[in-house]
Amino acid sequence: MLCYTVRCEFGEDAGEVALDWVDWLQHEHVADVIKAGASGAEIVRMDGERVAYEIRYRFPSRSAFEVYERDRAPQLRGEGLARFPLELGLQYSRTVGEVVSRHEGEPSSRADG
């Protein structure tokens, strides 16, 4: 499994732009990336002074990710940049890595986690 992480940081006046961007992710873009080959994704609001999110896509294999990168990513990125241009204060970074191990547990019923 491959993890493809897109990080987006917003400028100081991010408020409404960040909310619109997350809404677009939740209702359009993530579904488009899944249709293009990802097996799942999660959107994470990062702690810190700046407004920042990470979208962590999972691809079943490196080859599935390569097909996505070659055939679909340019169009989907272009759509995103047309809707949310960098001039609005967005900064993107991307990382890719092999998932070595994945662990899921049952939610704890205890208040302290």
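# Chatting through a predicted fold

Mentor: Let's start with one pair in this predicted model: Cys 8 sits opposite Tyr 53, which belongs to strand S3.

Trainee: Okay, and which strand does S3 join by 8 bridges?

Mentor: That's S1, residues 2-9, and S1 and S3 run antiparallel.

Trainee: How do strands pair up in general?

Mentor: Strands of a sheet pair through backbone hydrogen bonds, and the pairing can be parallel or antiparallel.

Trainee: Let me zoom out. How many helices and strands does the protein chain have?

Mentor: There are 3 helices and 4 strands. Going along the sequence, you read β-α-β-β-α-α-β. If you want a feel for the dimensions, the C-alpha atoms fill a box of roughly 40 × 40 × 20 Å along the principal axes.

Trainee: Back to the strands. In what order do they line up in the sheet?

Mentor: The order is S2-S3-S1-S4, in an open sheet with antiparallel pairing. S2 and S4 (91-98) are at the edges with a single partner strand each, so each has one side without a neighbour in the sheet. On average, neighbouring strands are turned by 15° against each other, ignoring direction.

Trainee: What joins S2 to S3?

Mentor: 6 bridges do, between S2 (residues 40-45) and S3 (residues 52-59), and these two strands run antiparallel. For a concrete example, Gly 40 has Arg 58 in S3 as its bridge partner.

Trainee: And how many residues lie between S2 and S3?

Mentor: 6 residues, and the two strands form a hairpin. Look at Gly 48 in that turn: its phi is positive, about 140°.

Trainee: Switching to helices. Which strands does H1 lie across?

Mentor: H1 lies across S1, S2, S3 and S4, and it runs at about 5° to S3. H2 packs on the sheet as well, where it touches S1, S3 and S4, and its direction makes about 45° with that of S1.

Trainee: What about helix against helix? At what angle do H1 and H3 cross?

Mentor: Roughly 160°, with the axes of H1 (residues 15-35) and H3 (residues 73-83) coming within 11 Å. Anything over 145 degrees counts as roughly antiparallel, so that's the description for H1 and H3.

Trainee: Is that crossing left-handed or right-handed?

Mentor: The crossing of H1 and H3 is right-handed. On the H1 side the contact uses Trp 24, Glu 28, His 29, Asp 32 and Val 33, and on the H3 side Leu 76, Gly 80 and Arg 83. By class, that contact has 3 nonpolar, 2 polar and 3 charged residues.

Trainee: How far apart are the axes of H2 and H3?

Mentor: 4 Å, and H2 (residues 62-71) packs against H3 at an angle of about 55°. That angle makes H2 oblique to H3. H2 brings Tyr 68, Glu 69, Arg 70 and Asp 71 to the contact, while H3 brings Ala 73, Pro 74, Leu 76 and Arg 77. Sorted by class, the H2 and H3 contact has 4 nonpolar, no polar and 4 charged residues.

Trainee: New topic: how many aromatic pairs does the structure hold?

Mentor: It holds 12 aromatic pairs. One of them is Phe 10 with Tyr 53, an edge-to-face pair at 6.2 Å centre to centre, with 90° between the planes.

Trainee: Tyr 53 again! Where is Phe 10?

Mentor: Phe 10 is in the loop between S1 and H1, while Tyr 53 is in strand S3. The two are 43 residues apart, and their pair links distant parts of the chain.

How values were computed. Residues numbered from 1 in each chain as written. Predicted model: local features only at pLDDT ≥ 70, side-chain atom pairs only at ≥ 80, totals over all residues. Heavy atoms only, no water. Pairing = 2+ DSSP bridges. Axes fitted to C-alpha atoms, helices over the stretch in contact; angles between N-to-C directions. Parallel < 35°, antiparallel > 145°, perpendicular 65-115°, else oblique. Left-handed = near helix turned anticlockwise from the far one by under 90°. Contact = heavy atoms within 4.5 Å. Nonpolar A, V, L, I, M, F, W, Y, C, P; charged D, E, K, R; others polar. Phe/Tyr/Trp six-rings, centres within 6.5 Å; stacked < 30°, edge-to-face > 60°.
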